[in-house]
Amino acid sequence: MPTLDKASAQRLAKAHPLLRKLFTEVAKRADIVILESQRGRAAQELAYRTKRSKARFGQSAHNWTPAIALDVCPKPIDWKNTKPLVKLAKEIVLPLAKELNIPLRWGGDWDMDGRTEDEKFVDMPHYELSPWRNFAKDAALFEG
Ligand SMILES: [Zn+2]
């Protein structure tokens with residue numbers, strides 16, 4: 001059985017209990033790395049300026065305690081190939097979320113028309129509870 005590396009486990013621990021439950025199960029079925037959970041004010045504004053995020057601080061599901069979004073990639077990470085990300089989402093994460101009755105939205109389901117492979121990578125690792133603003137009502141902003 002694959003196990004999460006230490007950094008991934010630490011990031012998972014900062015996520016909403018429903019995301020923890022889901023990705024604990026995902027990690028039993030696929031070799032994954034959790035790239036990001038909480039993103040504080042400075043990190044979010046940097047992500048915005050460098051176009052890795054379209055959101056300002058407070059407008060992203062990553063800006064909360066607990067985190068309402070996780071960025072997850074299958075190992076090994078290949079920044080030039082989105083196919084493993086699609087496979088992870090469609091064959092493992094989304095069916096499991098449905099089975100566990102966890103309301104989940106995948107970044108890869110957003111409009112990808114006209115995007116390059118590089119640009120697709122911005123959202124394809126992203127999973128958030130849906131609608132995330134409802135979950136934010138019970139969360140606090142994470143300043144970082
Ligand atoms: Zn994300």
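Helix H2 covers residues 17–29, and its 13 residues reach 19 Å from the first C-alpha to the last, close to the 18 Å expected at 1.5 Å a residue. Seen down the axis of H2, the buried residues fall within an arc of 135°, so they line one face of the helix. Please keep in mind that this is a predicted model. Besides H2, the points below cover an open sheet of four strands, two cis peptide bonds ahead of Pro76 and Pro131, and positive phi values at Lys51 and Asn101.

**Helix H2 and its surroundings**

- The buried residues of H2 are Leu19, Leu22, Phe23, Val26 and Ala27.
- An α-helix has 3.6 residues a turn, so residues three or four places apart point the same way.
- Pro17 and Thr24 are exposed, on the other side of H2.
- What do the buried residues of H2 pack against? Their partners are helix H1 (6–13), strand S1 (32–36), S3, H4 and S5.

**The four-stranded sheet**

- The sheet is open, its strand order is S1-S3-S5-S4, and the pairing is antiparallel.
- S1 and S4 are the edge strands, each pairing on one side only.
- On average, neighbouring strands of this sheet are turned by 30° against each other, direction ignored.
- Helix H4 packs on the sheet, where it touches S3, S4 and S5. The direction of H4 makes about 170° with that of S4.

**Strand S3 and its pairings**

- S3 spans residues 69–74 and is mostly covered, with five of its six residues buried.
- S1 and S3 run antiparallel and are joined by four bridges.
- Two residue pairs are worth finding in your viewer: Val33 stands opposite Cys73 in S3, and Ile34 has Val72 of S3 as its bridge partner.
- In a regular strand the side chains alternate between the two faces of the sheet.
- S3 and S5 also run antiparallel, and three bridges join them. Here, Leu70 has Tyr127 in S5 as its bridge partner.

**Cis peptide bonds**

- Most residues other than glycine have a negative phi, and most peptide bonds are trans. The cis bonds and positive phi values listed next are therefore good places to look at the backbone, given that general pattern.
- From Lys75 to Pro76 the peptide bond is cis, with omega near -5°. Pro76 sits in the loop between strand S3 and helix H4 (83–99).
- Ser130 and Pro131 are likewise joined by a cis peptide bond, with omega about -10°. Pro131 belongs to the loop between strand S5 (126–129) and helix H6 (132–136).

**Positive phi outside glycine**

- Lys51, a residue other than glycine, has a positive phi near 65°. The loop that holds Lys51 lies between helix H3 (41–49) and strand S2 (64–65).
- Is Lys51 buried or exposed? Lys51 counts as exposed because it has 9 C-beta neighbours inside 10 Å, and the cut-off for exposed is 12 or fewer.
- Asn101 is not a glycine either, yet its phi is positive at about 65°. Asn101 lies in the loop between H4 and strand S4 (104–106).
- With 7 C-beta neighbours inside 10 Å, Asn101 also counts as exposed.

Key. Residues are numbered from 1 along each chain as its sequence is written. This is a predicted model: local features need pLDDT of at least 70, side-chain atom pairs count only at pLDDT 80 or more; totals for chains, interfaces and linings use all residues. A residue is buried if 20 or more other C-beta atoms lie within 10 Å of its own, exposed if 12 or fewer, and partly exposed in between; C-beta atoms are placed from the backbone. The expected span of a helix is 1.5 Å times one less than its number of residues. The arc is that of the directions from the helix axis to the C-beta atoms. Two residues are in contact if their C-beta atoms, placed from the backbone, lie within 7 Å. Two strands pair if DSSP finds at least two bridges between them. Axes are lines fitted to C-alpha atoms, for helices over the stretch in contact, and angles run from 0 to 180 degrees between N-to-C directions.
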